[in-house]
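Hi everyone, thanks for making room for me today. I'd like to walk you through one chain, starting from the inside and working outward. Have a look at it first.

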Amino acid sequence: MDSVEFSAPGKLVLFGEYAVLFGAPAVVAAVDRRALANFRPSAGNSWEVSAPGLAPSSAQFEIGPGAEVRWLDEQLGRDTFGLVERLLVGIGKRGFIDLEALPTASMTLDTRAFFENDGAEMSKLGLGSSAALTVALASALEFWADKEPPAEKRGRLQALVDLHRGVQGGAGSGIDVAASFLGGVIRYQLAGDGSVANATPLELPEGLRMVFAWTGRAASTGDFLGRLRAHREEDPSAVNPVLDELGYVSASGVSALAAGNTGAFLDQVDVFWSTLDQLGTAIGMPILSNEHQILRRAAEDCGVRYKPSGAGGGDFGVGFTTDPSAAAKLTDRAGAEGFRALDLRVDTTGLTGPAR
């Protein structure tokens, strides 16, 4: 087989963070930063993986019984390609692919689009690189194994969500996976058992403008979710009412978006900010970090509504307005405050790769 390449976009959550974990609807947009997974025949008997621009060198490994990954250089493999190992083990344990029986390949996994080079170091953007890589790598591996993925999209999405949760220790809603797999703007919701209940296209209201501001500091979603779980167990009476309110606000905002009622949605953005503030206080985590506070004040000065995108604490925020001049003012103001408004566009294509 000649080389094969799959790619998948990153994401930004537009509305419904945290609440989506507990069954409320949320909205996510795929963005035009893509993860690439390229497979080509290996020259030897070992697998090889490289990550251009991010890993100092390629690493070789063998696959043993039970999808065990055996690195020829243990430290290089585990330290640099730990996510790849967890994905391969997860794929093998699903039983859909017999990794031991596959012809070896040289894999190039390119996620450079999810980083910004500020001249001194590479800064990771909070755009869902692990979800995008999961979607691209799993799809390329299935193609390499000549296995047909599930024909029904929901079944395929659920399998990818389960795989990504597995490498994250069982956490996460899967909303980032849905964006990477499907592309476009997606209304996403979980069922009571945590399975994907809804992942359908949503058309944003005509005239709604978005400004995506990078705080310059990465945030660990896992840390925030871990703190949320711990505080719900320790003091549910303090946390659950806030989550209930957040779910109500999320449902109201998503409904307004779906109905094309921009004014009602913009009002819900402000309410969502306030409720996130209450949640951050309840769990003792700075969801509305200093960076987000500065950006929100700047957005208010420009006549733009603002909220964090994702878990907060850093990463991205998103400003919403119907006024193009206000969006341009916030873009300039973010730069003046030491942040960057990145020119990110909705990626409508989702997962791409060769047809069978």
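Let's begin with what surrounds helix α5: its buried residues pack against strands β1 (4-15), β2 (26-41), β9 (185-190) and β10 (196-201), and also against helices α3 (129-144) and α4 (153-167). Please keep in mind that this is a predicted model.

How many of the residues of α5 are buried? The helix runs over residues 175-182, and 8 of its 8 residues are buried. That list includes nonpolar residues such as Ile175, Val177, Phe181 and Leu182, but Asp176 and Ser180 are buried in α5 as well. Those of you who like helical wheels will remember that an α-helix has 3.6 residues a turn, so residues three or four places apart point the same way. Just after the helix comes Gly183, with a positive phi of about 75°.

From there, let's move to the core. The largest nonpolar core holds 122 residues, and Tyr18, Phe39, Trp47 and Leu279 are the ones with the most contacts inside it. Which element gives this core its largest share? That would be α3, which contributes 11 residues. As background, nonpolar side chains tend to be buried together in soluble globular proteins.

Tyr18 deserves a second look. This residue sits in the loop between β1 and β2, and its phi is near 65°, a positive value in a residue that is not glycine. For context, most residues other than glycine have a negative phi. Is Tyr18 buried or exposed? Its relative accessibility is 5%, so Tyr18 counts as buried.

Ala67 can be described along similar lines. Its phi is positive too, about 60°, although Ala67 is not a glycine. You'll find Ala67 in the loop between β4 (59-64) and β5 (68-71). Because its relative accessibility is 9%, Ala67 counts as buried.

Now two helix residues. Gln268 belongs to helix α8, residues 262-283. At 19% relative accessibility, with the cut-off for buried being under 20%, Gln268 counts as buried. Leaving aside residues up to four places away in sequence, Gln268 touches Phe15, Val249, Ser252 and Gly253.

Gly335 is in helix α10, residues 324-336. With a relative accessible area of 42%, Gly335 is partly exposed. What is the C-alpha separation between Gly335 and Ala213? They are 122 residues apart along the chain, and their C-alpha atoms are separated by 9.1 Å.

Let me zoom out to the whole chain. There are 10 helices and 14 strands. The C-alpha trace spans about 60 × 45 × 40 Å along its principal axes. Why call the overall dimensions those of a compact globule? Because a compact globule of 356 residues would have a radius of gyration near 21 Å, and the chain has 21 Å, which agrees.

Buried residues make up 54% of the 356 residues. Among contacts with a separation of 6 or more, 72% are between residues 24 or more positions apart.

Finally, the surface and the charges. The chain exposes about 14,900 Å², with carbon and sulfur atoms supplying 46% of it. There are 31 positive and 44 negative charges, and their mean positions are 2 Å apart.

That's my tour, and I'm happy to take questions.

Notes
Residues numbered from 1 in each chain as written. Predicted model: local features only at pLDDT ≥ 70, side-chain atom pairs only at ≥ 80, totals over all residues. Heavy atoms only, no water. Helix = DSSP H or I, 4+ residues; strand = E, 2+ residues; numbered from the N terminus. Rg over C-alpha atoms; globule rule 2.2 N^0.38 Å. Buried < 20%, exposed > 50% of the residue type's maximum accessible area, 1.4 Å probe, protein only. Contact = heavy atoms within 4.5 Å. Areas by Shrake-Rupley, 256 points an atom, 1.4 Å probe, with all protein chains shown as cover. Lys, Arg positive; Asp, Glu negative; His and termini not counted. Charge placed at Lys NZ, Arg CZ, Asp CG, Glu CD. Core = buried A, V, L, I, M, F, W, Y, C linked by side-chain atoms within 4.5 Å.
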